[in-house]
Structure formats: C-alpha cells, structure tokens
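Student: I have a structure open and would like to go through its pocket and its core with you. Could we take them in turn?

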Amino acid sequence: MADYFQEMGWVPLAEFEGPNHLVQMARFLRDSGMWDLLDNHERLPPPASKEAVKNLEEVEHKNEAGAKEQCPVCLIDFEKGIISKRMPCKHSFHKECIEPWLEKTNSCPVCRHELPTDDENYENYRKEKKRAVEREKDLEALHDSMFS
C-alpha cells in the first residue's frame with residue numbers, strides 16, 4: 001500500500017528542510033481566488049478607445065466678458081474662437097493636451113470620469129466593480145428595511 005506522499009505525488013521534506021510559508025500563502029491566495037482581488041487595486045486603466053476620443057464634443061470658446069477659461073492640463077487660457085475637446089463630464093481641454101493623455105489612460109485628468117476602452121477585460125472589470133457597488137447598496141437598503 002502506498003504512503004500518503006506517494007499517493008499525492010509529493011516528496012517529503014529532506015532533513016533540516018523546512019516548509020516555505022510564503023509559497024504556501026501564495027498558493028492559498030491563488031486557490032481561494034483572493035489573489036485576483038489583491039491585484040485589482042493596482043490595475044492601471046488602459047487607453048480610451050479611439051472611437052470615444054474621436055467622438056468627443058468639440059466646443060468653440062467665445063470668451064465672454066469676465067469668463068476666462070483655461071485648459072486644466074497646460075493652464076493656458078482658451079483664446080477666443082479656439083476649438084477645444086469636451087469630455088462627457090463637461091471638462092474642456094486643448095486637443096493637443098487631452099489626446100496624448102487619453103492615449104495613456106481612459107479617464108478625465110480632473111475628475112477621473114472614465115471613457116470606454118477597447119480592452120474587453122478592463123470593461124468586464126468595470127462592470128463587476130459597478131455591480132459590487134449596486135449589490136452593496138441593495139444589501140444596505142434591505143438591512144435598513146428590516147431593522148428600521
């Protein structure tokens with residue numbers, strides 16, 4: 001009859017050899033699904049989709065009396081008649097300032113409003129994050145309805 005180590009396909013520790021607790025912890029985190037949760041907070045957003053950048057609203061600045069607007073990236077005032085790009089969050093930028101930014105990340109540099117990306121994995125991650133927030137609100141509403 002095979003012993004435990006042969007049955008499992010493992011090799012017993014040699015003399016003076018101890019278990020590697022870091023490897024055991026990493027395996028535990030991977031097997032329990034916690035490894036993915038640890039990684040998500042450091043995930044950098046991918047670039048905005050080219051279609052979303054192309055479809056940004058273009059706005060002509062009129063510079064009415066006393067209304068000085070400036071680009072939040074370069075801090076230069078918009079000149080009268082200049083056409084800028086406006087994000088869905090209503091922040092306006094020079095085209096030369098916002099397009100290189102959106103080639104690196106999909107969010108507004110001022111408020112972090114996110115544009116769609118071409119990265120399917122990141123879009124699924126965003127949906128899951130949104131669902132988690134909605135579930136938390138639903139649970140809170142259920143709790144409040146039961147205990148108030």
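Tutor: Happily, and keep in mind that this is a predicted model. Helix α2 (residues 21–32) supplies three residues to the lining of the largest pocket, the largest share.

Student: What makes a residue part of that lining?

Tutor: The cut-off is an atom within 4 Å of a pocket point. F5, W10, V11, P12, L13, E17, P19, N20, V23, Q24 and R27 line the largest pocket, which holds about 280 Å³ of space.

Student: How many of the lining residues are nonpolar, and how many are polar or charged?

Tutor: Seven are nonpolar, two polar and two charged.

Student: Now the core. Which residues touch the most other members of the largest nonpolar core?

Tutor: Among its 13 residues, those are M87, F93, L102 and L115. Both α4 (50–54) and α5 (95–102) supply at least two residues of this core, and α5 gives the most, with three.

Student: What does M87 touch beyond four places away in sequence?

Tutor: The contacts of M87 are L56, F93, I98, L102, S107, C108, H113 and L115.

Student: Which residues of α5 are called buried?

Tutor: Buried means under 20% relative accessible area, and in α5 the term applies to C97, I98 and L102.

Student: Why do you say that the buried residues of α5 line one face of the helix?

Tutor: Looking down the axis of α5, its buried residues fall within an arc of 110 degrees, so they line one face.

Student: And what covers the buried residues of α5?

Tutor: The cover includes α4, β2 (83–86) and β3 (92–93).

Notes. Residues are numbered from 1 along each chain as its sequence is written. This is a predicted model: local features need pLDDT of at least 70, side-chain atom pairs count only at pLDDT 80 or more; totals for chains, interfaces and linings use all residues. Side-chain values use heavy atoms; hydrogens and water are left out. On a 1 Å grid over the protein atoms alone, a cavity is a set of points where a 1.4 Å probe fits but cannot get out, and a pocket is an open set with protein on both sides within 12 Å along at least five of seven lines; lining residues have an atom within 4 Å of a point. Grid points are joined across faces, edges and corners, and a volume is the space filled by probe spheres set on the points. Helices (H or I, at least four residues) and strands (E, at least two) are DSSP runs, numbered from the N terminus. Ala, Val, Leu, Ile, Met, Phe, Trp, Tyr, Cys and Pro count as nonpolar, Asp, Glu, Lys and Arg as charged, and the others, Gly among them, as polar. A nonpolar core is a set of buried Ala, Val, Leu, Ile, Met, Phe, Trp, Tyr and Cys residues joined through side-chain atoms within 4.5 Å. Buried means under 20% relative accessible area, exposed over 50%, partly exposed in between (1.4 Å probe, protein chains only). Contact means heavy atoms within 4.5 Å. The arc is that of the directions from the helix axis to the C-beta atoms.
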